[in-house]
Amino acid sequence: MAIVAYKDAGPPKLTLITVINNNTGGGGHAALMISGSQRVIFDPAGSFRPDWVAEYGDVLYGITPRNLQAYKSAHARNSHHVVLHELPVSAQTANLALRLVEERGSVPSAFCANSISTILGQLPGLEDIKVTFYPEKLMGQFAAKGAVVVDQYYEDDDGNVVDGYTVAVAE
């Protein structure tokens, strides 16, 4: 599949996506959406792989609003919800983040927050992000940088990652 770029009309930003357990408050997964020269989701060790979203090395390309909704729906269920924290950045920082995630390649299982925190710590203004394996700890550090919650997404199904595929269709 060819890599399809989508550029969000808004300003450059980083959005940390955290899947939170509704019972424990612990993090189940983390991903990083980058909106710069194009909008992608770095989904390290993730399982969201519908055939209409181009993926290379754990980077999902062509993240339109509909594809973002499908991503959220694929992770939210009666036991987990999805929190998006958004942080405005310069175009240079967004594009550096894109380059770093593309260079990172595929990530082994259980290293989602570790790989994202490592990358964030290489970006201007985020150098003091500490490397962690815990998505909820990464979420706290990111929020402390001035990131604001832009969405908390809940679903009440018993679903799994494939359920979100019904939300979006190829555009």
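## Report on a predicted model

At a relative accessibility of 43%, P108 counts as partly exposed. The structure described here is a predicted model. P108 sits in the loop that runs between helix 2 (91-104) and helix 3 (112-120). Its C-alpha atom is separated by 29 Å from that of V148, and the two residues are 40 residues apart along the chain.

Two other residues, Q38 and A30, are buried. The table lists the place and the relative accessible area of each residue.

| Residue | Place | Relative accessibility |
|---|---|---|
| P108 | loop between helix 2 and helix 3 | 43%, partly exposed |
| Q38 | loop between strand 2 (27-35) and strand 3 (39-42) | 14%, buried |
| A30 | strand 2 | 0%, buried |

Q38 counts as buried because its relative accessible area of 14% is under 20%. Leaving aside residues up to four places away in sequence, Q38 touches A5, Y6, K7, Y61 and L98.

A30, with the same kind of neighbours left out, touches I17, P44, C112, A113, I116 and P135. The C-alpha atoms of A30 and S115 are separated by 9.6 Å, although these residues are 85 residues apart along the chain.

The strands form one open sheet of seven, in the order 4-5-3-2-1-6-7, with antiparallel pairing. Strand 4 (54-56) and strand 7 (148-153) are at the edges and have a single partner strand each, so one side of each lacks a neighbour in the sheet. From one strand to the next, the twist averages 25°. Strand 6 (residues 80-88) and strand 7 run antiparallel and are joined by five bridges. In this pair, L84 stands opposite D151 of strand 7.

Helices lie against the sheet. Helix 2 lies across strand 1 (13-21), strand 2, strand 3 and strand 5 (59-61), and runs at about 125° to strand 2. Helix 3 also packs on the sheet, where it touches strand 1, strand 2 and strand 3. The direction of helix 3 makes about 35° with that of strand 2.

How are helix 3 and helix 4 (residues 135-144) placed relative to each other? Their axes are 9 Å apart and the packing angle is about 25°. Angles under 35 degrees count as roughly parallel, and helix 3 and helix 4 are therefore roughly parallel to each other. Their crossing is left-handed. On the helix 3 side, C112, A113, I116, S117 and L120 meet P135, L138 and F142 of helix 4. By class, this contact has seven nonpolar residues, one polar residue and no charged residues.

Terms used. Residues are numbered from 1 along each chain as its sequence is written. This is a predicted model: local features need pLDDT of at least 70, side-chain atom pairs count only at pLDDT 80 or more; totals for chains, interfaces and linings use all residues. Side-chain values use heavy atoms; hydrogens and water are left out. Helices (H or I, at least four residues) and strands (E, at least two) are DSSP runs, numbered from the N terminus. Buried means under 20% relative accessible area, exposed over 50%, partly exposed in between (1.4 Å probe, protein chains only). Contact means heavy atoms within 4.5 Å. Axes are lines fitted to C-alpha atoms, for helices over the stretch in contact, and angles run from 0 to 180 degrees between N-to-C directions. Angles under 35 degrees count as roughly parallel, over 145 as roughly antiparallel, 65 to 115 as roughly perpendicular and the rest as oblique. A crossing is left-handed if the near helix is turned anticlockwise from the far one by less than a right angle, and right-handed if clockwise. Ala, Val, Leu, Ile, Met, Phe, Trp, Tyr, Cys and Pro count as nonpolar, Asp, Glu, Lys and Arg as charged, and the others, Gly among them, as polar. Two strands pair if DSSP finds at least two bridges between them.
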